[in-house]
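Here are some exercises to work through with the model open beside you. Try each task before reading its solution.

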Amino acid sequence: MQVVFEQIINGLTIGSFYALIALGYSMVYGVLKLINFAHGDFFTLGSYLGYTLLVFGSAFITTHFGLWGGMVAAMLMAALCLAFIGVLVERAAYRPIYPAGRLPAVVSALGASIVLQNAIMVIWGPRYQAYPAKLIPNIHLNIWGINITVLQIVILVLSFVLMGILYYIIQKTVFGAAIRATALDKDTASLMGINFNKVIFFIFTLGPALGAMTGVMVGMYYRQISFTMGWNYGLKAFTATILGGIGNLPGAMFGGLILGVLEMLGAAYISAAWKDVFVFMILILVLIFRPNGLFGEKIAEKV
Amino acid sequence: MERVKKGFFGSQQGLLFVIVGLFVIYPFLVSNYYIDVVFFFGIYALLGLSLNIVLGEVGLFDLGHAGFYAIGAYTTAILNTKLGIPILLLLPVSAIAAGLFAYIVCSPIIHLRGDYLCIVTIGMGEIVRLALINNPFDLTGGPNGVYGIDFPSFGGPFVVDSSIEYYFLIWVIVVLSIIGLIRLQRSRIGRAWNCIREDEVAAGASGIDVRYYKLLAFVIGAALAGVAGNIYASKLMAVSPESFSFWESCMLFCIVLIGGMGSIPGILIGAAFISLFPEIFRPFAMYRMLIFGLVMILMMMFRPGGVWPRKRGGAEFVSLLSRKRKKDA
Amino acid sequence: MPKGDLHITPTTVLETHGLTKIFGGLTAVNNFDATINKGEIFSLIGPNGAGKTTVFNVVTGIYKPEAGNVIFQGKDITGRKPHQIVSSGIARTFQNIRLFQNMTCLENIMAGQHCRAKAGVWSSIFSFSSQKKEERRIHEISESRIEQVGLERFRDELAKNIPYGSQRMLEIARALATEPALLVLDEPSSGLNAGETEVLMEFLKELIEKENLTILLIEHDMNVVMGISDKVAVMDEGKKIAEGNPDEIYNNPRVIEAYLGTEEEA
């Protein structure tokens with residue numbers, strides 16, 4: 001029984017990674033109908049930036065911030081950098097393509113992804129890098145017979161806090177309403193006075209920033225990072241986005257969490273090798289029976 | 001005599017003649033390595049044409065096409081190495097296997113709207129690849145794949161086992177496919193496909209069975225990809241799952257978009273770009289792919305409709321092959 | 001002027017019985033009955049949101065009704081798919097024109113001929129003579145239709161590039177290319193100026209006389225409704241509130257009330 005809980009906690013941990021990355025996808029996708037393939041690479045870049053900060057600043061960090069502070073500092077710094085890079089990529093690779101339609105945008109996004117991935121490889125090298133072990137807190141706990149690390153708890157708490165903040169912003173603030181309105185109907189939203197450029201700026205800073213923070217957390221959790229890891233995470237996160245329903249941000253969050261839990265349970269009870277197949281099968285089945293995603297999307301077509 | 005010659009080489013037919021001529025002479029002038037490069041250009045051309053049916057003609061967002069390619073390749077690999085069935089016979093078998101797979105797998109999901117269909121095709125492609133890696137029933141050889149695949153043989157001394165012979169094999173198949181695809185484009189089937197791409201609801205309201213034609217596109221596209229898989233498998237003599245990744249599907253997608261959706265000459269150019277670019281830019285070593293990505297972005301910025309977009313209503317690419325002449329307005 | 005007296009033996013082309021369509025909490029169409037006879041021009045009018053287009057969408061197979069059925073030429077076609085209904089002989093146009101934008105005008109019309117041809121994949125790839133013959137027939141019929149609507153100069157022009165009024169006529173030509181028995185037109189005069197509307201009215205009357213068609217239309221332009229209809233039905237909030245010939249409807253107080261007297265004539 002304890003093992004089940006452990007798997008669920010593992011699932012929630014990885015699920016929250018998927019959820020946070022999925023949020024970035026979902027925002028861009030909802031507003032622009034663009035699959036931002038580069039988003040996975042924002043995540044990767046954040047992870048590498050965090051790595052660099054921790055490696056080169058390790059002495060400084062441990063003396064001034066302590067281990068946990070180091071993690072938070074890495075997250076914040078990565079977030080800041082990626083917020084900037086996100087806007088840059090949007091201006092350079094996406095904005096000129098909008099008038100051409102959705103499909104050229106996909107190619108451009110793939111191109112951007114290739115550029116980012118290879119830039120990371122050129123800068124940091126093609127081999128795996130690893131977050132320095134001595135900077136990662138390694139405290140194990142055993143609560144009611146369930147093995148769990150403090151790191152996991154912190155990550156879960158941080159992730160849920162971030163998700164909560166984002167949920168609040170999207171659902172309860174004017175900014176969020178602007179994003180949701182633009183996602184539903186771009187033209188009417190701008191006619192109502194919503195500044196499209198501000199919305200774009202917002203989603204391309206917040207999304208990549210979230211992705212970057214997730215990257216640092218992944219680096220601390222798994223330690224090993226590679227320049228291609230964005231691909232796999234991105235794919236799963238995009239799956240979560242669709243699973244939750246297009247343009248449905250809370251749906252993307254839940255989609256990510258559910259995906260993570262399913263993956264872990266699948267790995268534990270079916271087979272580790274087939275876990276991804278299991279996850280994709282579930283996705284396909286869900287879409288066959290609920291073509292608009294688990295939580296439904298929010299558009300309708302008038303004939 | 002002089003004037004007729006100039007006119008001939010100045011026209012589209014003339015250009016075509018020159019290009020075909022170049023293709024025929026090329027392998028006799030270069031080493032095996034460079035013959036193989038253009039062989040793979042041919043494979044990508046065939047794959048691009050196969051995806052074009054689904055993506056270019058019908059507008060279906062297929063990002064899992066490498067899965068059909070894989071089914072064709074592995075069908076050939078497994079049936080040849082385990083049962084000794086000759087490669088040439090396995091060509092139609094692989095096509096049918098891939099087509100059947102597409103039919104079974106796409107039937108329940110063909111009604112899904114564009115974006116959802118996209119993620120399902122991605123999922124399908126991944127499922128195929130992962131299944132191949134996991135070596136079910138010890139058939140697929142796991143991550144190492146299947147090796148020891150034969151050469152295609154037409155009987156007796158007519159075996160395809162050299163670079164130059166493979167070169168001609170793939171390009172003959174590409175040419176035959178192009179002829180068939182042009183005929184389809186100009187038929188009611190091609191028109192139905194394009195109508196579905198433009199407006200599904202209007203297509204249905206004009207009497208087109210949307211579901212049937214979407215499925216048909218997938219099946220034909222898959223079958224053609226299966227053919228490519230067969231030739232690829234026997235050329236490499238081995239297949240492994242890495243060749244059929246999501247990345248591969250993305251590259252095929254780019255071929256169609258960069259070349260021009262629904263445009264056969266465009267697809268050939270797109271295939272050339274995807275397959276030849278990494279070769280030409282080899283000297284740039286690790287910056288090669290970086291440049292590749294940049295070029296992709298720039299292409300979409302300046303030619304979003306593709307390098308050679310499809311032209312409608314006027315003279316199409318190869319009027320040589322069609323007896324029908326357009327009525328003068 | 002209505003020409004109902006010209007028809008001696010009315011044959012019923014389309015009947016709906018108790019047609020009901022519900023979207024979530026909204027009953028868009030409530031128990032709609034109608035009978036349309038051969039050679040008639042039947043107009044469906046009513047304020048915006050009354051459910052007229054929804055009736056069309058049910059009749060042409062885009063929606064399945066919650067209750068009721070649609071009988072066309074004696075056969076129950078309720079719930080059939082749109083392309084099957086077209087094959088049976090009903091063709092439609094849309095309120096906000098749905099042409100195949102990036103295809104030529106001729107190709108748009110040829111699309112209509114799709115269901116009247118049979119050539120499959122193999123006969124197309126290998127250019128069987130049967131397929132070639134069919135293609136010639138499709139071309140001939142499409143060419144004659146494009147001439148009929150006066151758009152032959154736009155033959156090779158992309159549909160998105162031709163003027164609005166021509167686009168409306170093109171959509172009708174495409175519908176006619178399906179060789180229908182019943183033509184269902186959703187606000188065909190919408191966006192047309194007075195001259196174009198006149199041309200349209202004459203055109204529709206000719207269709208009835210020369211091609212044995214029956215026409216069902218939704219209209220807001222009262223000139224059109226009064227000018228060519230044999231019968232008019234009025235909907236409001238999903239229900240049919242009146243039916244009769246144009247004069248009866250024009251003076252019906254309930255109808256006037258439903259519109260609140262605000263309908264603007266072209």
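**Exercise 1: the build of chain B**

Of the 329 residues of chain B in this predicted model, 53% count as buried. Task: find out how the radius of gyration of chain B relates to that of a compact globule with 329 residues.

Solution, step by step:

- Begin with the secondary structure: chain B holds 13 helices and two strands.
- Next, take the extent along the principal axes, where the C-alpha atoms fill a box of roughly 65 × 55 × 45 Å.
- Now apply the globule rule. A compact globule of 329 residues would have a radius of gyration near 20 Å, and chain B agrees with this because its own value is 20 Å.
- Finally, look at contacts in chain B between residues at least 6 apart in sequence: 79% of these join residues at least 24 apart.

**Exercise 2: where chain B meets chain A**

Task: work out which element supplies the largest share of the side of chain B that touches chain A.

Solution, step by step:

- Start with the totals: 34 residues of chain A are in contact with 33 residues of chain B.
- Then list the elements of chain B that each supply at least two residues to this side: α6 (114-134), α11 (246-259) and α13 (288-302).
- Of the side of chain B that touches chain A, α6(B) supplies the largest share, eleven residues.
- To finish, sort that side of chain B by class: 27 residues are nonpolar, three are polar and three are charged.

**Exercise 3: the sheet of chain C**

Task: trace the open sheet of chain C, and explain why one side of β6 and of β10 is left without a neighbour.

Solution, step by step:

- Write down the order of the six strands, β6-β7-β8-β3-β9-β10, and note that their pairing is mixed.
- Go to the edges. There, β6 (90-92) and β10 (239-244) of chain C each have a single partner strand, so one side of each has no neighbour in the sheet.
- Add the twist, which averages 20 degrees from one strand to the next.
- Zoom in on one pair: β7 (residues 182-186) and β8 (residues 214-218) of chain C run parallel and share five bridges. Within this pair, L182(C) has T214(C) as its bridge partner in β8(C).

**Exercise 4: two domains in chain C**

Task: which element gives the most to the side of domain 1 of chain C that touches domain 2 of chain C?

Solution, step by step:

- Set the bounds from the domain assignment of chain C: domain 1 is 1-89 + 180-266, and domain 2 is 101-177.
- The centres of these two domains of chain C, taken over C-alpha atoms, are 27 Å apart.
- Their contact takes ten residues from domain 1 of chain C and six residues from domain 2 of chain C.
- On the domain 1 side, α2 (82-88) and β7 of chain C each supply at least two residues, and α2(C) gives the most, with three residues.

How values were computed. Residues are numbered from 1 along each chain as its sequence is written. Chains are lettered from A and ligands numbered from 1 in the order in which they are written. This is a predicted model: local features need pLDDT of at least 70, side-chain atom pairs count only at pLDDT 80 or more; totals for chains, interfaces and linings use all residues. Two residues are in contact if their C-beta atoms, placed from the backbone, lie within 7 Å. Helices (H or I, at least four residues) and strands (E, at least two) are DSSP runs, numbered from the N terminus. Ala, Val, Leu, Ile, Met, Phe, Trp, Tyr, Cys and Pro count as nonpolar, Asp, Glu, Lys and Arg as charged, and the others, Gly among them, as polar. Two strands pair if DSSP finds at least two bridges between them. Axes are lines fitted to C-alpha atoms, for helices over the stretch in contact, and angles run from 0 to 180 degrees between N-to-C directions. The radius of gyration is taken over C-alpha atoms; the globule rule is 2.2 Å times the number of residues to the power 0.38. A residue is buried if 20 or more other C-beta atoms lie within 10 Å of its own, exposed if 12 or fewer, and partly exposed in between; C-beta atoms are placed from the backbone. Domain bounds come from an automatic or database domain assignment.
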